[in-house]
Amino acid sequence: MRLIIRDDPASVGTYIGDYIAKRINDFKPTPERPFVLGLPTGSSPIPTYKHLIGLHKAGKISFENVVTFNMDEYVGLPQDHSESYHTFMFREFFSHIDIPPKNVHILNGNAVDLIGECKAYEQAIKDAGGIELFLGGIGEDGHIAFNEPGSSLTSRTRIKTLAYDTIQANARFFGNDISKVPRMALTVGVQTVMDSREVVVVVTGLRKALALSKAIEEGVNHLWTLSALQLHPWALIVADEDATNELHVKTVKYFKSIERVQEEVERNHEEVRRNSEGRQGNTW
Ligand SMILES: N[C@@H]1[C@@H](O)[C@H](O)[C@@H](COP(=O)(O)O)O[C@@H]1O
């Protein structure tokens, strides 16, 4: 797992936005071979969405051949409610880019058969060829998507009852009225996230500091479901300085030093590539 630390949420958004844009552009998606992207809601990914929208408007990235799967959705909240994840995604991201609406997948929390909806979602992910990159956020209790503490680390898309802490945390989006926050949600499972080829998680703010330290400095534990990422072969967490508040100084220094070395290695690779391209261009 890699941890990248940036000064503030805006710089985290810039880093992740650039990272995702590069991954999509390098993939060179086509209608037959689209780039499959998993996406979160919440306030943490907003700077990333803003940056991606900017890159799109500047002509640096197209989402025409990108297929998306969102992580979760509340149960029983009308789709056009201002706080439904459907509304959120179109307001904050989809309506500002060129993604065809048919490429967007969001769980339907109003389906008559909720279990069938979850099964069909897993199938749709499989049919799309699996998720290339899952971008995630976390709750204060370390949950990824709505995989609350105690969730099976092999769980798949299903109905979840929300933890009281999460209901309290999300009340800010419902006029601070706890009674208005839905009690249940549909969510991809921890295993659904783990099955994707790459996972990138945004962690910003002091509120997330304890969860970050539990997830990366302690063992894999179902009480902090983000910690499952320790078992993922290609996981990246991008945090701001505030979110590192509970980490050991040596952990922060370690990951910062890795980033420095990585940059050096990339610069060297770049130079080797340039030199070898130059040689190939010669005729002798
Ligand atoms: N289900 C979502 C999570 O997917 C999200 O990561 C979390 C954090 O939200 P915020 O980024 O606003 O702190 O909120 C909800 O619980």
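**Entry 1. The seven-stranded sheet**

In what order do the strands of the open sheet of seven strands stand, and with what pairing? I looked this up in the model, which is predicted. I read the order as β1-β10-β9-β6-β2-β3-β5, and the pairing is parallel. I then asked which strands stand at the edges. They are β1 (2–6) and β5 (104–105); each has a single partner strand, so one side of each is left without a neighbour in the sheet.

At the β5 edge I followed the pairing to strand β3, residues 66–70. I noted two bridges joining β3 to β5, the two strands running parallel. Phe69 has His105 of β5 as its bridge partner.

**Entry 2. Strand β9 and its partners**

I turned next to β9, which spans residues 198–203. Is this strand enclosed or open to the outside? Five of its six residues are buried, so I recorded β9 as largely enclosed by the rest of the structure.

I checked both of its pairings. With β6, β9 pairs in the parallel sense over five bridges, and I found Leu135 with Val200 of β9 as its bridge partner. Five bridges also join β9 to β10, again running parallel; here Val203 stands opposite Ala239 in β10.

**Entry 3. Helices against the sheet**

Which strands does helix α1 lie across? I listed β1, β2 (35–39), β3, β6 (133–137), β9 and β10 (235–240) for this helix of residues 9–27. Its direction relative to β10 is about 155 degrees.

For helix α7, residues 209–217, I noted Ala211, Leu212, Ala215 and Ile216 as buried. Viewed down the axis of α7, the buried residues fall within an arc of 105 degrees, and therefore they line one face of the helix. In general, an α-helix has 3.6 residues a turn, so residues three or four places apart point the same way. The buried residues of α7 pack against β1, β9 and β10. I also recorded that β9, α7 and β10 together make a right-handed β-α-β unit.

**Entry 4. The nonpolar core**

I looked up the largest nonpolar core and found 68 residues in it. Which of them have the most contacts inside the core? They are Val201, Leu226, Val238 and Ala239.

I took Val201 further. Setting aside neighbours within four places in sequence, I found Val201 in contact with Gly136, Gly137, Ile138, Leu226, Leu229 and Ile237.

**Entry 5. The three-stranded sheet**

I then examined a second open sheet, in which three strands follow the order β4-β8-β7 with antiparallel pairing. Its edge strands are β4 (72–74) and β7 (158–161), each of which pairs on one side only. Neighbouring strands in this sheet are turned against each other by 30 degrees on average, direction ignored.

How many bridges join β7 to β8? I counted four, between β7 and the strand β8 of residues 184–187, which run antiparallel. Lys160 stands opposite Ala185 in β8.

**Entry 6. Positive phi values**

I looked at two residues with positive phi that are not glycine. Ala145 has a phi of about 55 degrees and is found in the loop between β6 and β7. Asn176 has a phi near 55 degrees and sits in the loop between α5 (164–170) and β8.

Are these residues buried or exposed? Ala145 is buried, because 29 other C-beta atoms lie within 10 Å and the threshold is 20 or more. Asn176 counts as exposed, because it has 10 C-beta neighbours inside 10 Å and the limit is 12 or fewer.

**Entry 7. Leu153 and Gln191**

Leu153 is also in the loop between β6 and β7. I noted it as partly exposed, with 16 C-beta neighbours inside 10 Å. What does Leu153 touch, not counting residues up to four places away in sequence? I found Val190, His222, Thr225 and Ala228. From Leu153 to Asp141, twelve residues apart in sequence, I read 15 Å, C-alpha to C-alpha.

Gln191 lies in helix α6, residues 190–194. With 16 C-beta neighbours inside 10 Å, Gln191 counts as partly exposed. Not counting residues up to four places away in sequence, Gln191 touches Thr154, Ser155 and Arg156. I closed with Leu229, which is 38 residues from Gln191 along the chain; their C-alpha atoms are separated by 10 Å.

Methods. Residues are numbered from 1 along each chain as its sequence is written. This is a predicted model: local features need pLDDT of at least 70, side-chain atom pairs count only at pLDDT 80 or more; totals for chains, interfaces and linings use all residues. Two residues are in contact if their C-beta atoms, placed from the backbone, lie within 7 Å. A nonpolar core is a set of buried Ala, Val, Leu, Ile, Met, Phe, Trp, Tyr and Cys residues joined through C-beta atoms within 7 Å. Two strands pair if DSSP finds at least two bridges between them. Axes are lines fitted to C-alpha atoms, for helices over the stretch in contact, and angles run from 0 to 180 degrees between N-to-C directions. The arc is that of the directions from the helix axis to the C-beta atoms. A crossover is right-handed if, with the strands pointing away from the viewer, the path from the first strand over the helix to the second runs clockwise.
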